[in-house]
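Visitor: I would like a close look at one part of this structure, please, taken slowly enough for someone in a first year of study. Could we start from the contacts and then go inward?

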Amino acid sequence: MLTTRASAQDVQSKIIAAMKNSENDWNKGDLESFMKMYTEESTMMMPTGPAGINKIKDLYEKKYFNGKMPKQNLLYDDLKVTLLGEKYALLTGKFTLSGNNLPERSGRYSLVMILTKDGWKILHDHSS
């Protein structure tokens, strides 16, 4: 278990930095790099129930991207990390999609994060 404040702050900083990097990947139109925040085992809660990584990518490609570029820019803010042990954390925050003469859309999310050999990744995504 993480016991020191410095360790907890380090984990929080790493998770937030990873999310900000994925935000940048989205805004550059690099969906492949954006998807690296997920693992092969990742799930996302959808109206029909949890969906796996292929459906997650399919959703982003069809609903949020126009070919190689996103339909709108992505901004993450109000990020809060709650540690759930050494390898797990809960990340909550707000997303905003804006630009391209489309109505601004925003919502909240909760992500279960897992520490992998490649850093912190999204294990489960529940966005609304």
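Visitor: What percentage of the contacts in the chain with a separation of 6 or more is accounted for by residues 24 or more positions apart, and which residues of the largest nonpolar core touch the most other members?

Guide: This is a predicted model, in which local features need pLDDT of at least 70 and side-chain atom pairs count only at pLDDT 80 or more, while totals for chains, interfaces and linings use all residues. Residues are numbered from 1 along each chain as its sequence is written, and side-chain values use heavy atoms, with hydrogens and water left out.

To take the contacts first, where contact means heavy atoms within 4.5 Å, residues 24 or more positions apart account for 50% of those with a separation of 6 or more. The chain that makes these contacts has three helices and eight strands, which are DSSP runs numbered from the N terminus (helices being H or I of at least four residues, strands E of at least two), and along the sequence they follow the pattern α-α-β-β-α-β-β-β-β-β-β.

Of the 128 residues, 38% are buried, a word that stands for under 20% relative accessible area, with exposed meaning over 50% and partly exposed in between, for a 1.4 Å probe and protein chains only. A nonpolar core is a set of buried Ala, Val, Leu, Ile, Met, Phe, Trp, Tyr and Cys residues joined through side-chain atoms within 4.5 Å. The largest one here holds 31 residues, of which Met 19, Phe 34, Tyr 38, Tyr 60, Leu 91 and Met 113 touch the most other members. Elements that each supply at least two residues of this core include α1 (5-27), α3 (53-64) and β8 (119-127), and the largest share, five residues, comes from α1.

Looking more closely at Tyr 60, and leaving aside its neighbours within four places in sequence, we find it in contact with Trp 26, Leu 31, Phe 34, Met 35, Tyr 38, Met 44, Phe 65 and Asp 125. Phe 34 is also touched by Ser 22, which reaches Met 37 and Tyr 76 as well, again not counting residues up to four places away. Ser 22 has its place in helix α1, and it counts as buried because its relative accessibility is 3%.

For a contrast, turn to Leu 84 in the loop between β5 and β6, which is partly exposed, with a relative accessible area of 47%. Not counting residues up to four places away in sequence, Leu 84 touches Ala 89 and Leu 90.
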